[in-house]
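The following exercises concern a predicted model. Each task is followed by a solution in steps.

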Amino acid sequence: MKILVTGGAGFVGSSLAMEFRKCFPKAKVVVFDNLRRRGAELNLNRFKRSEIEFVHGDIRCSEDLTGLGDKFDFFIDASASSSVHDGQDGHLSYLVQTNLLGTMNCLEFARRYCGGFVFLSSSRVYSIPELLKIPLQESKGRFEIDTDKELPHGLSGSGINETFSTAEFRSLYGATKLASELLIEEYVHSFGLNAIIDRCSVIAGPGQWGTSEQGVFTLWVANHFFQKSLSYTGFGGFGKQVRDLLHPSDLFALILQQLDSVDRYRGKLYNVGGGMENSTSLKELTEICKKVTGNSVQIDPIPNTTKVDIPFFVSDSAQVRSDFSWKPERTVFQIVEDIWTWLKHERETVKDIFL
Ligand SMILES: NC(=O)c1ccc[n+]([C@@H]2O[C@H](COP(=O)([O-])OP(=O)(O)OC[C@H]3O[C@@H](n4cnc5c(N)ncnc54)[C@H](O)[C@@H]3O)[C@@H](O)[C@H]2O)c1
């Protein structure tokens with residue numbers, strides 16, 4: 001078996017590549033990455049030790065992909081300019097060339113040389129104005145859906161499903177993901193591409209070089225571990241914004257099932273996330289981090305909200321749970337513990353990034 005993971009030196013890609021290696025010791029696992037993300041280069045030794053082939057390449061360049069000179073049973077595209085803030089400073093070129101034109105290069109490669117294709121999309125495809133209309137009430141630790149009020153289409157007490165509006169603006173990053181989804185849909189129908197789209201909400205776990213721009217939940221644990229200050233940004237600065245968290249190993253368990261039946265489910269798109277039971281606010285996360293790391297850190301309020309901030313997103317993954325009899329196994333607490341264990345074991349390596 002041959003598996004290709006683009007963006008494979010990033011957080012999710014490297015976690016998936018390592019899981020593939022564990023699960024299929026004899027498979028050829030190829031990781032393709034341009035190492036743009038700081039910290040990605042630190043995975044290269046791990047790949048060498050695990051006999052994962054690393055190819056330095058850029059999805060913006062179709063020849064880099066065809067230069068792989070091989071066919072693959074499965075192709076997971078985890079490469080991206082991955083922050084919702086990307087392009088907001090007016091510099092869109094890298095974002096669009098990677099997340100949109102790069103997707104097209106991946107699709108061209110996939111339809112010629114690959115059996116099955118999984119695209120990691122994002123819950124950021126959903127409309128920000130619609131998300132801001134979700135009726136919320138404030139409890140001591142978090143925002144919650146006010147289920148007594150009329151809820152917009154696609155929202156229930158279980159969270160946001162695939163039918164929620166994508167109609168209005170959704171961030172430049174989200175737009176590149178939504179446009180990629182549309183392209184994939186056309187490749188499925190025009191060329192019979194065996195592709196599945198996973199609209200992931202927050203993925204967090206060991207190996208993530210979290211920053212305040214992307215991977216803030218891992219950053220939260222890291223700053224508790226290294227005793228560095230943090231800030232609650234937006235929505236008054238109280239840390240009540242809520243997200244659901246998914247561990248990359250749980251994502252892998254799903255992708256394995258999806259690849260196994262990719263021809264049956266081709267063209268389908270799914271919300272994939274930890275769900276309401278694995279959701280947390282930053283304020284609640286602080287308490288978990290204190291328990292797990294034994295440390296308290298200063299957290300300053302920054303009340304101002306940016307244009308792409310949303311107070312609440314929890315994925316309703318009922319569709320994917322029913323098609324694949326899958327559910328996430330790791331709780332928020334376990335995810336935090338897992339990140340903490342990684343930081344402890346890899347302290348000398350990770351400190352250069354987090355300190
Ligand atoms: N982490 C999350 O919470 C989350 C949530 C939803 C969706 N996703 C999606 O999952 C995928 C993986 O995200 P991640 O968290 O691992 O991000 P990441 O930034 O850690 O990994 C992305 C990788 O892509 C590589 N890359 C960037 N531009 C490239 C290019 N032009 N050519 C080749 N490689 C390139 C980077 O070097 C990096 O290693 C992305 O598509 C992201 O949009 C992530």
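**Exercise 1.** Identify the polar contacts that the ligand makes with Leu120, Gln214 and Asp58.

*Solution.*
Step 1. For Leu120, the partner is a polar backbone atom, which lies 3.5 Å from an oxygen atom of the ligand.
Step 2. For Gln214, an N or O atom of the side chain is 3.1 Å from an oxygen atom of the ligand.
Step 3. For Asp58, the ligand contributes a nitrogen atom, and a polar side-chain atom of Asp58 is found 2.8 Å from it.
Step 4. On its own the ligand has 820 Å² of accessible area, of which the protein covers 96%.

**Exercise 2.** Describe the shell around the ligand by its residues, by their classes and by the elements that supply them.

*Solution.*
Step 1. The ligand is surrounded by 31 residues, and the closest are Val12, Asp33, Tyr94, Tyr173 and Lys177.
Step 2. Sorted by class, the shell holds 14 nonpolar, eleven polar and six charged residues.
Step 3. At least two shell residues come from each of H1, helix H4 (93-113), strand S5 (114-122), helix H6 (172-191) and strand S11 (202-203).

**Exercise 3.** Characterise the packing of helix H1 (residues 11-23) against helix H8 (residues 248-260).

*Solution.*
Step 1. The two helix axes approach within 10 Å and cross at roughly 60 degrees.
Step 2. The crossing of H1 and H8 is right-handed.
Step 3. On the H1 side, the residues in contact include Phe11, Leu16 and Phe20; on the H8 side, Phe252, Ile255 and Leu259 are among them.
Step 4. The contact of H1 with H8 comprises eleven nonpolar, two polar and one charged residues.

Definitions and conventions. Residues numbered from 1 in each chain as written. Predicted model: local features only at pLDDT ≥ 70, side-chain atom pairs only at ≥ 80, totals over all residues. Heavy atoms only, no water. Axes fitted to C-alpha atoms, helices over the stretch in contact; angles between N-to-C directions. Helix = DSSP H or I, 4+ residues; strand = E, 2+ residues; numbered from the N terminus. Left-handed = near helix turned anticlockwise from the far one by under 90°. Contact = heavy atoms within 4.5 Å. Nonpolar A, V, L, I, M, F, W, Y, C, P; charged D, E, K, R; others polar. Near = heavy atom within 4 Å. Polar contact = N/O pair within 3.5 Å; in protein donor to acceptor, adjacent residues only side chain to side chain. Areas by Shrake-Rupley, 256 points an atom, 1.4 Å probe, with all protein chains shown as cover.
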